[in-house]
Amino acid sequence: MIVGVVMVVLALSVIGFGIYKIHNVKLEEDELKLPIELVPLSMHGFNVRSRLNTEQWQRICNVAHGRYENRVQVCEICGSTGKQQGFNHSLECHEQWEYNTTTKTQKLVRLRSICPMCHKVFHYGLSVKKGYGERALQHFIKVNNLTCEQADQYIMKVKAQIKLKSKVEWQLDLTYLNQNQFKFLKTTFNDREKYNCQFYEF
């Protein structure tokens, strides 16, 4: 009898702990299919697009989208397209960055081919300013299979992190563009490109 009671208590404890973990999961950016990537205020407008002219940027996008390889034109994250979402284009090119606090460098590490809504999630702060906040939030929740509570906690965390990053004067590293696939740019990029940019906010 006592053994049976103990077993029930243990089972309930395991279930309770499981529920606690589900509702209090620590969401890390590298664990999410679609994270939010806020850019430090000090780096707003300083990016690949602001470093290149319009023609160069379009060719960069074509490489990211795989148009030269006849790749299927769907979002690499959610499998959707902008036209399915009500936009007049299918895909956008997203610049993914890594931040080195030792060298104070914002480094380009990847160019992603994604739909407009996934892009608005990445740039959630700008989306809110432009009236897409709620729609971007719902897309974020859906793609990552989160609860509203989890999403709110994650966004609060990201906002706190970006406040700290915004206090740093970052350098812009675009050496990623020195790869052979971008040789049509006819430029050798370095890790001090910020001051070669013409300010452009996505």
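**View 1. Long-range contacts across the whole chain.** In the protein chain, residues 24 or more positions apart account for 68% of the contacts with a separation of 6 or more; a contact here means heavy atoms within 4.5 Å. This is a predicted model, with residues numbered from 1 along each chain as its sequence is written. Local features need pLDDT of at least 70, side-chain atom pairs count only at pLDDT 80 or more, totals for chains, interfaces and linings use all residues, and side-chain values use heavy atoms, with hydrogens and water left out. The chain has 7 helices and 3 strands, and reading along the sequence gives α-α-α-β-β-α-α-α-α-β. Those elements are DSSP runs numbered from the N terminus: helices are H or I with at least four residues, strands are E with at least two. Of the 202 residues, 44% count as buried, where buried means under 20% relative accessible area, exposed over 50%, and partly exposed in between (1.4 Å probe, protein chains only). About 12100 Å² of the chain is exposed, with carbon and sulfur atoms supplying 55% of that; the areas come from Shrake-Rupley with a 1.4 Å probe, and for residues only the protein chains shown count as cover.

**View 2. The sheet and the helix packed on it.** Here 3 strands make an open sheet, ordered β1-β2-β3, with mixed pairing. The edges are β1 (92-100) and β3, each of which pairs on one side only. On average, neighbouring strands are turned by 35 degrees against each other, direction ignored. Helix α3 (residues 54-65) packs on this sheet and touches β1 and β2, its direction making about 90 degrees with that of β1. For these angles, axes are lines fitted to C-alpha atoms (for helices, over the stretch in contact), and values run from 0 to 180 degrees between N-to-C directions.

**View 3. Where β2 meets β3.** Strand β2 (residues 105-114) runs parallel to β3 in a pairing of 3 bridges; strands pair if DSSP finds at least two bridges between them. Pick lysine 107 and its bridge partner in β3 turns out to be aspartate 173.

**View 4. Leucine 111 and its surroundings.** Leucine 111 belongs to strand β2 and is buried, at 9% relative accessible area. Its C-alpha atom lies 5.9 Å from that of alanine 64, although the two are 47 residues apart along the chain. Skipping neighbours within four places in sequence, leucine 111 contacts Ile60, Ala64, Cys93, His94, Glu95, Tyr176, Leu177 and Phe182.

**View 5. Two nonpolar cores.** A nonpolar core is a set of buried Ala, Val, Leu, Ile, Met, Phe, Trp, Tyr and Cys residues joined through side-chain atoms within 4.5 Å. The largest one has 26 residues, and Ile36, Ile77 and Phe140 touch the most other members. Helices α4 (116-122), α6 (133-144) and α7 (148-165) each supply at least two residues of this core. Beyond four places in sequence, isoleucine 77 touches Lys33, Leu34, Arg112, Ile114, Cys118, Phe122 and Val143. A second, separate core has 24 residues, including Phe46, Leu52, Ile60 and Phe189.

**View 6. Threonine 187, after the last bit of sheet.** Threonine 187 sits in the segment after β3 (171-173). It counts as partly exposed because its relative accessibility is 32%. Leaving out residues up to four places away, threonine 187 touches Arg51 and Asn178. The side chain of threonine 187 also reaches the backbone oxygen of leucine 185 at 3.0 Å.

How values were computed. A polar contact is a pair of N or O atoms within 3.5 Å; within protein, one must be able to donate a hydrogen and the other to accept it, and residues adjacent in sequence count only if both atoms are side-chain atoms.
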